Every structure is written in structure tokens, then in C-alpha cells.
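Hi,

Here is the structure I promised to pass on. Have a look at it first, and then read on for what turned up.

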Amino acid sequence: MSLYGIHKTLYLLQNDLDFRERLRSDPEAALAKMPLTDEERQALLNRDMAALYRMGTHTFLMSRIPRFNALRGTTRADYQASITQVLSDGR
């Protein structure tokens with residue numbers, strides 16, 4: 001697992017306007033160049049916040065996904081529901 005890769009991706013989402021636009025318009029291509037494992041890449045592409053959380057992704061950085069309308073329109077409600085579910089499952 002390359003937790004650094006996930007954090008770098010989410011950092012760029014917040015701070016790099018060109019990367020943010022690529023992530024919005026063609027997430028597969030944008031993520032192809034990032035240092036991610038296949039599992040991490042799929043979790044991002046599938047907007048699987050629970051999987052990212054279980055991998056150890058920092059929740060502050062994950063909260064940037066809906067804020068910047070990235071990854072095919074993940075909403076704040078989607079994000080919160082996913083995190084609430086994983087916390088209530090205790091996993």
C-alpha cells in the first residue's frame with residue numbers, strides 16, 4: 001500500500017488546479033500517473049470512502065473530494081454516509 005500516493009493525490013486535488021480539472025474530466029487518466037496501487041486507484045475511481053478510510057487515508061484530505069467536486073461528483077452526503085457506515089461497522 002502506498003498511503004503516500006493517496007495523500008499526494010488528494011493534496012494535488014486541493015492545490016493544483018490543472019490536476020483538479022483532469023480529475024474531474026478524466027479521472028482514470030489523471031490517476032494513471034499517480035503513485036497508487038491498483039487497490040487504491042480503484043477505491044478512488046469507485047469513490048469508496050470506506051475503503052480509503054480503512055487504508056488509513058487522512059479524513060481531512062478525503063473531505064476535499066466532495067469540496068472540489070472531484071471523482072464524478074461525490075457529494076458531501078455521499079462522503080458522510082460512507083464514513084458513518086464504516087465507523088458504525090467498527091471496521
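Let me start with L23, which is found in helix α2. This is a predicted model, by the way, so please read everything below with that in mind.

L23 is buried, with a relative accessible area of 2%. Setting aside the neighbours within four places in sequence, L23 is in contact with L13, A30, L31, A70 and L71. Its C-alpha atom is also separated by 9.6 Å from that of T9, and those two residues are 14 apart along the chain.

Now for the rest of that helix. Which residues of α2 are buried? In α2, which covers residues 17-25, they are F19, R20 and L23. Looking down the helix axis, you find these buried residues within an arc of 100°, so they line one face of α2. There is a general reason to expect such patterns: an α-helix has 3.6 residues a turn, so residues three or four places apart point the same way. The other side of α2 has L17, D18 and S25, which are exposed. As for what the buried side packs against, that is α1 (3-15) and α3 (27-32).

Stepping back to the whole chain

How many helices and strands does the protein chain have? There are eight helices and zero strands, so to speak a pattern of α-α-α-α-α-α-α-α when you read along the sequence. The radius of gyration is 12 Å, close to the 12 Å that the globule rule gives for 91 residues, so the chain is as compact as a globular protein of that length. Along the principal axes, the C-alpha atoms fill a box of roughly 35 × 25 × 20 Å.

Of the 91 residues, 43% are buried. If you take the contacts with a separation of 6 or more, 59% of them are between residues 24 or more positions apart. The chain exposes about 5,100 Å², and carbon and sulfur atoms supply 50% of that. On the charge side, there are 13 positive and 11 negative charges, and their mean positions are 5 Å apart.

Helix α4 and what comes after it

Helix α4 takes in residues 38-45, and its buried residues are E40, R41, A43, L44 and L45. What covers them includes α1, α3, α5 (49-55) and α7 (64-67).

Right after that, have a look at R47, which follows α4 and has a positive phi. The value is near 55°, in a residue other than glycine. R47 sits in the loop between α4 and α5, and at 34% relative accessibility it counts as partly exposed.

N69 is another residue to look at for its backbone: it has a positive phi of about 50° although it is not a glycine. You will find N69 in the loop between α7 and α8 (76-89). N69 is partly exposed, with a relative accessible area of 46%.

A few residues in the later helices

M62 lies in helix α6, residues 59-62. Is M62 buried or exposed? At 0% relative accessibility, M62 counts as buried. Leaving out its neighbours within four places in sequence, M62 is in contact with L10, M49, L52, Y53, T57, Y79 and I83. M62 and Y11 are 51 residues apart in sequence, and their C-alpha atoms are 9.5 Å apart in space.

R67, in helix α7, counts as exposed at 56% relative accessibility. Where does R67 stand with respect to Q14? The two are 53 residues apart in sequence and 9.0 Å apart in space, C-alpha to C-alpha.

Finally, A81 is found in helix α8 and is partly exposed, with a relative accessible area of 48%. From C-alpha to C-alpha, A81 and A50 are 9.3 Å apart in space, with their positions 31 residues apart in sequence.

If you only have a minute, I would go to two places. One is L23 in α2, with its contacts to L13, A30, L31, A70 and L71. The other is M62 in α6, which is buried at 0% relative accessibility.

Cheers

Terms used: Residues are numbered from 1 along each chain as its sequence is written. This is a predicted model: local features need pLDDT of at least 70, side-chain atom pairs count only at pLDDT 80 or more; totals for chains, interfaces and linings use all residues. Side-chain values use heavy atoms; hydrogens and water are left out. Helices (H or I, at least four residues) and strands (E, at least two) are DSSP runs, numbered from the N terminus. The radius of gyration is taken over C-alpha atoms; the globule rule is 2.2 Å times the number of residues to the power 0.38. Buried means under 20% relative accessible area, exposed over 50%, partly exposed in between (1.4 Å probe, protein chains only). Contact means heavy atoms within 4.5 Å. Accessible areas come from the Shrake-Rupley method with a 1.4 Å probe; for residues, only the protein chains shown count as cover. Lys and Arg count as positive and Asp and Glu as negative; His and the chain ends are not counted. The place of a charge is taken as NZ of Lys, CZ of Arg, CG of Asp or CD of Glu. The arc is that of the directions from the helix axis to the C-beta atoms.
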